[in-house]
Amino acid sequence: MSHSPAPSSPELLLDQHVKYIKELDTKKNDLEYWLTEHLRVNGLYWGTTALHLLGRPEALDHDQIVEYLVKCQHDNGGFGGHIDHDPHILSTLSAVQVLITYDRLDAINVDRVVDYITSLHNPDGTFSGDAWGETDTRFIFCALNCLSLLKRLDDKRLNLDKTIEYIVRCRNFDGGFGSAPGGESHAAQVYVCVGSLTILGAQQHIDADQLGWWLSERQLKNGGLNGRPEKLEDVCYSWWVLSSLSMLKRVHWIDGAKLTKFILEAQDTETGGISDRPGNLPDVFHTNFGICGLSLLGYPGLVVVDPIYCMPRHVIQRIGLADKH
Amino acid sequence: MEGRHGQKKEKAESPEALKAREEKEAVLVREYLGLKDSLKEIVDSNRRDNEALKITTALLRKSPDYYTIWNVRRTILKEGFLDNANEETANIIYTNELEFVQDNLRLNPKSYFMWNHRRWCLENMSKPRWDKELGMVGKFLEMDARNFHGWDYRRYIIRQVDLQDGQNKDTVLARAQTEFDFTTAKISQNFSNYSAWHNRSTLLGKLVENLTEQEREATVDNEFDLVKNAIYTDPEDQSAWLYDLWLIGREQRSISTLGASVISFNPLEIVVAFDEIVKLRHPFTVSTRIDHVAIPLAGEWRATGSDASLGSVWIFQQAPEVEYGPSVEVVIFSDDICAVRAGSTLPAAVCFELETLNQDFASISGRLGRLEIGKNLMYDVTKRIGPIAEPAGNLETQERSKKHLVTSLTTSGSMDDRVALLDREIASVRELVELEPDCKWPIQILSTLLSELRKTMSIHSSRAKEIDDECIELQEKLISIDPLRQERYEDRRTQLVFDRETLSIVKDSKRLPEVEFAENQPRDLDLSMRGLTHIPISSYFIHLDTLNLDSNAITSTRFLRNLLSVRRLNLSNNLIERLEGVQHAPSLEFLSLEGNQIAKWEDVMAGFVFWREGKLSRTGATVKVLLGLNPVVENEGGEYVLEKRWEDVGEVGVQIQWQTDEVRLAEEVQLRDDEGVIHMEGTRRVSATVVEFDAGAGH
Ligand SMILES: [Zn+2]
C-alpha cells in the first residue's frame, strides 16, 4: 500500500549538505567549534556517513582523517574524542566505523581496540563507557557494534549470555527499553537494545508487535517522530525510531512520505545542514541522522544505509556482515 | 545527546551587528583557548593543587560535556586533596563538589557527565546524605517532570539506600510505597507524565508481590480507576492508555503443534508444522520399533526456507541406510524449541505416532498429494512405544497450571476471573467509544480487549466469529481516523481476516487455546480480494492443492516455502517485487504473478533455489509462471527475453525447469571453492525458457 504523496515536499539540498559538512572544520572563529572538540571523532563519523550516503565519499580527505584518527588512539587501544582527550567507547566506535568505511583498518592496531573494549566488560554483562565505570545500554551497543565490525564477537573474554540477560532486564511494561533496568523507554535506548539483540541473534526477546506499536506511535501529526510519549518531534529520532522499526521489519507502520517531508523541512536552505526541527540551527549530528532516515525511507538517489550499523549498506556487505542478521 | 537541540536560527544581522558579534566571539574564543593552554600545562606537569582545580572549574562551566576534564578534575581531587584528607575534610571536599555540580545542572540538566560526577562523589563519601539527594532530585523533577536523567537518578538513590539497608524487606517495601505515592502525586499534577506512569509500573510489580489474591485485585482495580480518571480528562493522551494496555495484559501465547505427517518412505521424510516460527534447540526425537524393540532413528531436522534453523515447518530426513519398522514416533519436548516471538512457549510435550507399515504411496508419486496426518498422542505421551533417549527436556504428562496474563499483577489461574475482567473493561471502554467516536485510543483498546476475550473461547464458537467481525470493523475505522499508521492497522486486519478464513483448516486442540489440523483438510482455498498484506501463518497451507490469492496487497512471497503440496497458485494483482521461497513447492505446476511489480528478470529466477535432496527436490519438472502486466515485461527484459515483442501475445510468462542431476552436477563442479568444497545450498537449480503461452491457457 502506498501513501498518498505528501503535498509539496521540499527537495533534498544535496550539494549544500556536502558543502556544509566540508566546511565544518573551517569554523575556528566560532566558540562552538572549540566547545564541541570532545565530539570531533564522532563528528567525523557523522560527516563521513552522511557524505557516503549522499554519494560524495571523496568530499573529505581520507588520508588526512586516517592520520588524525591514528593520533586519537591511546596505548590502551581506546580512542579519545580528539587528540589528547581520554579514551571512551563512544569515540572508539566512531573511529572504527570511519576506518572501516574508508577500508583503512590497517592503519591501527585492531587487537588493542579489542583489548580496550573487553577491558570495559563487566561481570553483569554490561560494558562501561570508559575506565571510570559509567554503564548504560548505549555502551553495550557501542561495544557489540564495534566487536561485530571487527569480527571479534567470539573473543573468549566475553560473556554475552550475561549481556543478553541484562538487556532483557531493561525491557519495560510498554515493550521498549531503557538505559538500565527500571529506566524509562526511550527511542534511542530502544535502538541500541534492539541493535544489540539483533547483532547477538537474540531478537526473540523483543515483542516485535508491542514494540513496533509503541515505536509507530512516536509519529506526530506533522510527520516528525518523538523519542518518548508526549514529547516533541526531533529529526534525530527519524533514525532511532526508524532503524528500530526496520530491524523489526515494520518500517511501513509509520507514514514514510510525511516523515520525509518533515526531515526535508528541517534543512537549512541558506547554509545547508539539517537541524533538530524546522527553523532551528543545523548541526552535523542531525544532518547525518536526517540523511540516514531519508535513506531508510528509500529517498531516491541516496546510498542505502544499514539499519543496525548505521553505515553504508555496501560497506557492511563488503565486510561480509550483510546477511548475518 | 550529542547534537544541538532547540537552538533557534536567528534572523540575518546587519553588517555592523555581525562585526560586533564576531569581535565578541573572538574574545570568547581567545579566553577559552587560554584556559585550554592552562589545562595542558596542568596535565603535562601533573599539578594537583587549587589553581589546577580552578582551571577545570572554569572550563567545565563552559563545556560541561568535555568529559576528559571531569576525569582530570577527579584525579586532581583524589591525588591532590582526598588521599591525604581526614574524613571530615574529605566530606567537605565532596560536598563542595556536589554544590558545584548542582549549580551547573541548573544550566545543563541533560549532561550525562555531570550526573556521573555526582554519583562518583556520593559513592566515595563516607556518609552520603541520600535524603538530601532525594530532596534535590525532587525539586529537579518539579522544574522538568520528564527529565529522564532526573528519574534515573531518583531510582539510583533508592537502589543505593536499599543496598545500604542490606535489602531489609520491610524498609525496602516501605520505600517502594513512598516512591509509588510520589508517582501518584506527579500523575495527579499532570496525567501525561509518562515518566511517572512508567516508574509506577516498575514499583507496582514489586508492591503486589506480597499481597494476597484479594488485595491484589483491589490494587489493580484502583489502577484501572486512576487510568479512567486520566483518559476521561484527555482521551488523546497516550500515557494512560499505554498503562491501561499493560494492566489488561495479554494471554501468554502457546505454540500450537498443528500436526505431523510422513511425506516420503525412501528416504523416510516426516513433516511437523507449528503455528509460528520456532528455532530448534534440540532435534525432535524420532524412534521406530523393530522386532518389538524401540530404537532411535537417526536423521536430520531442517526447517523449510533459506535459513534451515528457523521456521514453522520442519522436515526430518532419515540418515541413509537406516531401517525403520511399521510405525514411527516423533516426540517434541517443550524445550526442544524456542520461539522467535517473545513470550511464546510450547506448554507441554507433544507426541505423534505415524503409520509406516503400508508403504503404498502411489498417490504421492511425483507429488505429495494428500498428506495423512499422524495420530496426535499429545495427551498421553507416557504410552510411548519404548524408551527414547531423552534430551535435556522433561516429558511432561500433565498440563501445567496456566497463567492467564503476561503482567505479574493481574495474573490469575482462573479463566472466569479473566473473562469477568475483560467483560467489565469492554463495557467501560465502549462508553468512551460512544462519547469520542473519532478518538483512536479507545477503539484500539476495545480491539485489544476483544482479541483477548477471543482467546478464552473455541475458535468455532459464534461469539468468536462476532468478535472477529467487530475487530475487523474496528481496524477499518482506525484506518480512517489515523491514516499515519494505516499499514499497521492493515497488518492487524490481515491477521483477523486470515483467522476467520482459515477455520476449515484448523480445529480447537484439547489444550485450549491451542489449535491443530482438522481431520479433513480442504484442497482448495479462495482468499482472493481479502485485502491481505501478508500470510500470517503459512504452515496452515501445507496441505493445499490450489490457493487463490488474487487481488490482495501481498508484498512478500516467502510464505511459499511452506506450501508443500500446492500445485496451482494464483498471486496475480498483488504488490510483489521479487519471487522468493519456491525452494520446495515441489508440486507447483502453475504460478500466476500477473499484475505485480516485478521489474527484473533476476527477481523471478532468484526465487527458485535448491533446498536439499529428497522428496522435496524435483529434477526435470517444470513450472509455468505467468508474468504479464509486470514492469519486467515492459522493460527491455534483460538477456533472457526473446526478441519477439511481448505485447503481441495474450499471456506472457516463463517455463521454469528444475534441472536434471546431470546438468546440475556439471555446473556444480564449477562451484568448487579453493578448498575443493562444493557449495550446494542455496544453489540455483533451475533453467528457464521464456515462452509465450496461448491466450487463455492456464485459466
Ligand atoms: Zn535530536
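Which residue of chain B forms a salt bridge with E270(A)? The partner is K9(B), and the closest N and O atoms of the pair sit 3.6 Å apart. Keep in mind as you look around that this is a predicted model.

**Where the two chains meet**

That salt bridge has company: the rule finds 9 of them across the interface of chain B and chain A. Polar contacts turn up here too, with a count of 45 residue pairs between the two chains. On the chain B side, eight helices each supply at least two residues that touch chain A, among them helix 3 (67-81), helix 9 (194-208) and helix 15 (486-501). Helix 1 of chain B gives the most, with 7 residues. Sorted by class, the side of chain B that touches chain A has 25 nonpolar, 18 polar and 24 charged residues.

As for the overall extent, 67 residues of chain B are in contact with 74 residues of chain A. Between them the chains bury about 6300 Å², and 52% of that is on carbon and sulfur atoms. K9(B) shows up again here: along with R4(B) and L484(B), it belongs to the trio in chain B that loses the most area to chain A, together 12% of what that side buries.

**A look at each chain**

Chain B has 699 residues, and 52% of them are buried. Its secondary structure comes to 18 helices and 19 strands. If you take the contacts in chain B between residues at least 6 apart in sequence, 65% join residues at least 24 apart.

For chain A, pLDDT averages 95, and 97% of the residues score at least 70. Residues 1-6 of chain A are another story, since pLDDT stays under 50 there. The model has 15 contacts beyond four places in sequence for that stretch.

**Inside chain A**

Start with T49(A), which lies in helix 3 (residues 40-53) of chain A. Its side chain reaches the backbone oxygen of Y45(A) at 2.8 Å. Beyond its neighbours within four places in sequence, T49(A) is in contact with N288(A), C292(A), C310(A) and M311(A).

One of those partners, C310(A), is worth a stop. It is found in the loop between helix 13 (284-296) and helix 14 (313-318) of chain A. Phi of C310(A) is near 55°, a positive value in a residue other than glycine.

Then there's N145(A), in helix 7 (residues 137-149) of chain A. Leaving aside neighbours within four places in sequence, N145(A) is in contact with residues including L93(A), Q97(A) and Y309(A). Q97(A) is 48 residues away along the chain, yet the C-alpha atoms of N145(A) and Q97(A) are separated by 9.2 Å.

**Buried or partly exposed?**

Here is how four residues come out:

| Residue | Relative accessible area | Class |
|---|---|---|
| T49(A) | 0% | buried |
| N145(A) | 0% | buried |
| C310(A) | 2% | buried |
| S551(B) | 29% | partly exposed |

Why does C310(A) count as buried? Its relative accessibility is 2%, so it falls under the 20% cut-off.

**Two loops in chain B**

S551(B) lies in the loop between strand 14 (546-548) and strand 15 (568-570) of chain B. It has a positive phi of about 60° although it is not a glycine.

The other loop runs between strand 1 (257-265) and strand 2 (268-280) of chain B, and P267(B) has its place there. The peptide bond from N266(B) to P267(B) is cis, with omega near 0°.

Terms used. Residues numbered from 1 in each chain as written. Chains lettered and ligands numbered in written order. Predicted model: local features only at pLDDT ≥ 70, side-chain atom pairs only at ≥ 80, totals over all residues. Heavy atoms only, no water. Contact = heavy atoms within 4.5 Å. Buried area = accessible area lost by both parts, 1.4 Å probe. Salt bridge = Lys/Arg side-chain N within 4 Å of Asp/Glu carboxyl O. Polar contact = N/O pair within 3.5 Å; in protein donor to acceptor, adjacent residues only side chain to side chain. Helix = DSSP H or I, 4+ residues; strand = E, 2+ residues; numbered from the N terminus. Nonpolar A, V, L, I, M, F, W, Y, C, P; charged D, E, K, R; others polar. pLDDT = per-residue confidence, 0-100. Buried < 20%, exposed > 50% of the residue type's maximum accessible area, 1.4 Å probe, protein only.
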